[in-house]
Amino acid sequence: MKVFGWLLGVGAVMAATAASAADPVIYAAREKAPAPASATFRGYTGLLPACDDGRVLGRVAGLFATRERGYWASGLEIAAFDRPREIGYRSWGPEFIPRRFCAARTVTNDGRRRQAFYEIGEGFGFAGIGWDVNWCVTGLDRNRAHAPGCKMTRP
């Protein structure tokens with residue numbers, strides 16, 4: 001008798017769940033578009049520096065030199081940036097963390113021209129405060145963190 005009561009209770013719960021899932025009003029409420037990141041977390045403003053901002057380019061060049069010197073034991077540095085441009089802003093939608101995607105031609109101190117891709121992200125700074133960059137220089141992503149061809153730093 002106890003088993004019959006238990007089965008009856010499980011059947012009632014399953015029927016109620018199936019009925020609520022089939023209800024179009026409840027289903028429509030579940031399918032609402034997500035709120036923008038700035039509305040969900042009030043710390044996001046979407047105000048990010050431009051791709052050609054000196055602070056951004058200096059940060060990319062500094063991080064590049066630090067990685068080359070410290071990890072790869074190389075003296076390679078970015079000597080110059082040419083034509084930095086925006087290739088996307090909030091490309092994944094407003095519900096994601098604000099990001100500005102950029103591309104620029106670079107000249108390294110060995111005289112070679114390479115393409116650099118970088119994203120400026122809000123909340124990428126230390127402890128999630130401020131902006132910072134995630135970057136990749138084509139041909140020099142030796143550990144393939146942004147492979148293939150720096151695709152992971154593009155929109």
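**Exercise 1. Classify the exposure of W72 and the geometry of its aromatic pair with Y71 in this predicted model.**

*Solution.* W72 has a relative accessible area of 30%. Buried requires a value under 20% and exposed one over 50%, so W72 is partly exposed. The relative accessible area of Y71 is 58%, which makes Y71 exposed.

The next step concerns the rings. A pair of aromatic rings is described by the distance of the centres and the angle of the planes. The model holds four aromatic pairs. For Y71 and W72, the separation is 4.7 Å centre to centre, with 90° between the planes. Centres within 6.5 Å count as a pair, and planes over 60 degrees apart count as edge-to-face. The pair of Y71 and W72 is therefore edge-to-face.

**Exercise 2. Determine why the pair of W92 and F96 is edge-to-face, and place these residues in their cluster.**

*Solution.* The ring centres of W92 and F96 are 6.4 Å apart, and their planes stand at 80°, so this pair is edge-to-face. As to exposure, W92 has a relative accessible area of 40% and is partly exposed. F96, with 39%, is likewise partly exposed. Ring pairs join W92 and F96 with F101 in a cluster.

A ring may also face a charge. In the case of F117, the charged end of R154 sits over the ring, 4.6 Å from its centre.

**Exercise 3. Describe the order and pairing of the four-stranded sheet, and state which strands are its edges.**

*Solution.* Strands of a sheet pair through backbone hydrogen bonds, either parallel or antiparallel. Here the sheet is open, its strand order is β1-β2-β3-β4, and the pairing is antiparallel. Strands β1 (78–89) and β4 (131–137) are the edges, since each pairs on one side only. On average, and with direction ignored, neighbouring strands are turned by 25° against each other.

Within the sheet, β2 (residues 99–108) and β3 (residues 113–122) pair in the antiparallel sense over nine bridges. A104 stands opposite A116 in β3. Helix α4 (residues 54–70) lies across β1, β2, β3 and β4, and runs at about 55° to β4.

**Exercise 4. Identify which parts of the chain are linked by the salt bridge of R142 and E68, and classify both residues as buried or exposed.**

*Solution.* The structure as a whole contains eight salt bridges. In one of them, the side chains of R142 and E68 meet at 2.8 Å, N to O. R142 belongs to the segment after β4 and E68 to helix α4; the two residues are 74 residues apart, so the pair links distant parts of the chain. R142 has 33% relative accessibility and is partly exposed. E68 has 0% and is buried.

**Exercise 5. Establish which strands are tied together by the salt bridge of R100 and E86, and name the residues of the salt-bridge network around E68.**

*Solution.* The closest N and O atoms of R100 and E86 are 2.5 Å apart. R100 lies in strand β2 and E86 in strand β1, so the salt bridge ties together parts that are 14 residues apart in sequence. R100 has a relative accessible area of 13% and is buried, whereas E86, at 42%, is partly exposed. The network consists of R67, E68 and R142, joined by salt bridges that share partners.

A further salt bridge is formed by the side chains of D82 and R83, at 3.7 Å, N to O. D82 is partly exposed, with a relative accessible area of 30%.

Key
Residues are numbered from 1 along each chain as its sequence is written. This is a predicted model: local features need pLDDT of at least 70, side-chain atom pairs count only at pLDDT 80 or more; totals for chains, interfaces and linings use all residues. Side-chain values use heavy atoms; hydrogens and water are left out. Rings of Phe, Tyr and Trp (its six-membered ring) pair if their centres lie within 6.5 Å; planes under 30 degrees apart count as stacked, over 60 as edge-to-face and the rest as tilted. Buried means under 20% relative accessible area, exposed over 50%, partly exposed in between (1.4 Å probe, protein chains only). A charge sits over a ring if NZ of Lys or CZ of Arg is within 6 Å of the ring centre and within 35 degrees of the ring normal. Two strands pair if DSSP finds at least two bridges between them. Axes are lines fitted to C-alpha atoms, for helices over the stretch in contact, and angles run from 0 to 180 degrees between N-to-C directions. Contact means heavy atoms within 4.5 Å. A salt bridge is a side-chain nitrogen of Lys or Arg within 4 Å of a carboxyl oxygen of Asp or Glu.
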